[in-house]
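Trainee: I'm new to this one. Can you walk me through it?
Mentor: Sure. Let's put it on the screen and start with the charged pairs.

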Amino acid sequence: MVGAGFILFTVEVKDPYYGSKASTSIEMEIARPPLINSLVVWPNNGTALTTLFSARCSAVSFQIPLLYAYKYRLHGATKDTQLTSHLISNELSTTLPVGNFTILAEVMDSLGGVSSESSQNIESNPAATAVVSAESIQDSLDYQCNSTKRVIMQLRTIVASSNAVAEADRLDVVTACEQMVSTLRVSGRYDEMLRLISYALSTK
């Protein structure tokens, strides 16, 4: 070594018969890999597959241009997942699956020298889901049943008060309406059920 980052190679040749010598030397500079100053990732928590996480890596080197690649590693995993290949841009924006992650930046110079840096812990949480209690479901079913019963009573009154329909026909109409309303309610086809009820109530 002749100084920081330099190596001196010397080759010496000796004549075995006459003892004469000759030598030559070459000095080589050993390039250092890029120096990473910082890796910033924000936000440090968010919602999986929704929040856009951003990263920015800052590095310096005499061997330019510099190329940047990003990966993430799930905590507890032994392998990294590639987010980008080596690109000229030092910034990244991406969503993440559910889990706790570390973002890794890899910087490569023009000679192939590589340095890497990892971020702080990043949390990607599952999306919130609505919780419906059993009591609220039962209350809704009771309300629907009571409403249906009231409508059936109104249908009976309407059909029974009609003089243009024979008695047997009136009973058939009431039964058919009851069955149709009940079927639509059970199958969740509430829009159709309401249209049927609205039609029945308008036929006085």
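Trainee: How many salt bridges does the structure hold?
Mentor: Two. Keep in mind that this is a predicted model.

Trainee: Which residue pairs with Glu91?
Mentor: Arg56 does. The closest N and O atoms of that salt bridge are 2.8 Å apart.

Trainee: And where do those two sit?
Mentor: Glu91 is in strand S8, residues 91–94, and Arg56 is in strand S5. They are 35 residues apart in sequence, so the pair ties together separate parts of the chain.

Trainee: Is Glu91 buried, exposed or partly exposed?
Mentor: Partly exposed, at 45% relative accessibility. Arg56 is partly exposed too, with a relative accessible area of 38%.

Trainee: What about the other bridge, with Arg73: which residue is its partner?
Mentor: Asp80. Here the closest N and O atoms are 2.5 Å apart. Arg73 has a relative accessible area of 34%, so it counts as partly exposed. Asp80 is at 32%, and that also makes it partly exposed.

Trainee: OK, step back. How many helices and strands are in the protein chain?
Mentor: Three helices and ten strands. Reading from the N terminus, the order is β-β-β-β-β-β-β-β-β-β-α-α-α.

Trainee: How much of the chain is buried?
Mentor: Of its 204 residues, 25% are buried. The accessible surface comes to about 13,900 Å². Carbon and sulfur atoms hold 56% of that surface.

Trainee: And how much of the contact is long-range?
Mentor: Take the contacts with a separation of 6 or more. Residues 24 or more positions apart account for 50% of them.

Trainee: Now the inside. Which residues touch the most other members of the largest nonpolar core?
Mentor: Cys57, Tyr68, Tyr70, Leu96, Ile103 and Val107. That core has 18 residues.

Trainee: Which elements give two or more residues to this core?
Mentor: Four strands: S3 (35–42), S5 (53–60), S6 (67–74) and S9 (99–108).

Trainee: Zoom in on Cys57. What does Cys57 touch?
Mentor: Leave out residues up to four places away in sequence. Then Cys57 touches Ile36, Ser38, Leu39, Tyr68, Tyr70, Asn90, Ala105 and Val107. Tyr68, Tyr70 and Val107 were on the earlier list of core residues as well.

Trainee: What does the second core include?
Mentor: The second core is separate and has five residues. Among them are Val181, Leu184, Met193 and Leu196.

Trainee: Any aromatic rings paired up?
Mentor: A search of the whole structure finds one aromatic pair. The partners are Tyr72 and Phe101.

Trainee: Why is the pair called edge-to-face?
Mentor: The ring planes stand at 85 degrees, so the pair is edge-to-face. The ring centres are 5.0 Å apart.

Trainee: Which strands do they come from?
Mentor: Tyr72 is in strand S6 and Phe101 is in strand S9. They lie 29 residues apart, and the pair links distant parts of the chain.

Trainee: Is Phe101 buried or exposed?
Mentor: Buried, with a relative accessible area of 1%. Tyr72 is at 13%, so it counts as buried too, the cut-off being under 20%.

Trainee: Next, Val41. Where is the place of Val41?
Mentor: In strand S3. At 7% relative accessibility, Val41 is buried. Its contacts, apart from residues up to four places away, are Ser54, Ala55, Ile103, Ser119, Gln120 and Ile122.

Trainee: How far apart are the C-alpha atoms of Val41 and Ile122?
Mentor: They are separated by 8.2 Å. Along the chain, the two residues are 81 residues apart.

Trainee: Any odd backbone spots?
Mentor: There are cis peptide bonds to look at. One runs from Trp42 to Pro43, with omega near -15 degrees. Pro43 is in the loop between S3 and strand S4 (45–47). Another joins Ile64 and Pro65, with omega about 5 degrees. Pro65 is in the loop between S5 and S6.

Trainee: And what is phi of Leu49?
Mentor: Near 60 degrees, a positive value in a residue other than glycine. Leu49 is in the loop between S4 and S5. Its relative accessible area is 64%, so Leu49 is exposed.

Trainee: Last one. Which residues form a nonpolar patch on the surface?
Mentor: Phe9, Ile26 and Met28. Together they have about 290 Å² of accessible area. Ile26 is in strand S2, residues 21–29.

Key
Residues are numbered from 1 along each chain as its sequence is written. This is a predicted model: local features need pLDDT of at least 70, side-chain atom pairs count only at pLDDT 80 or more; totals for chains, interfaces and linings use all residues. Side-chain values use heavy atoms; hydrogens and water are left out. Patches are made of residues with over 30% relative accessible area and no salt bridge: like charges are joined within 9 Å, nonpolar side chains (Val, Leu, Ile, Met, Phe, Trp, Tyr) within 5 Å. Accessible areas come from the Shrake-Rupley method with a 1.4 Å probe; for residues, only the protein chains shown count as cover. A salt bridge is a side-chain nitrogen of Lys or Arg within 4 Å of a carboxyl oxygen of Asp or Glu. A nonpolar core is a set of buried Ala, Val, Leu, Ile, Met, Phe, Trp, Tyr and Cys residues joined through side-chain atoms within 4.5 Å. Buried means under 20% relative accessible area, exposed over 50%, partly exposed in between (1.4 Å probe, protein chains only). Contact means heavy atoms within 4.5 Å. Rings of Phe, Tyr and Trp (its six-membered ring) pair if their centres lie within 6.5 Å; planes under 30 degrees apart count as stacked, over 60 as edge-to-face and the rest as tilted.
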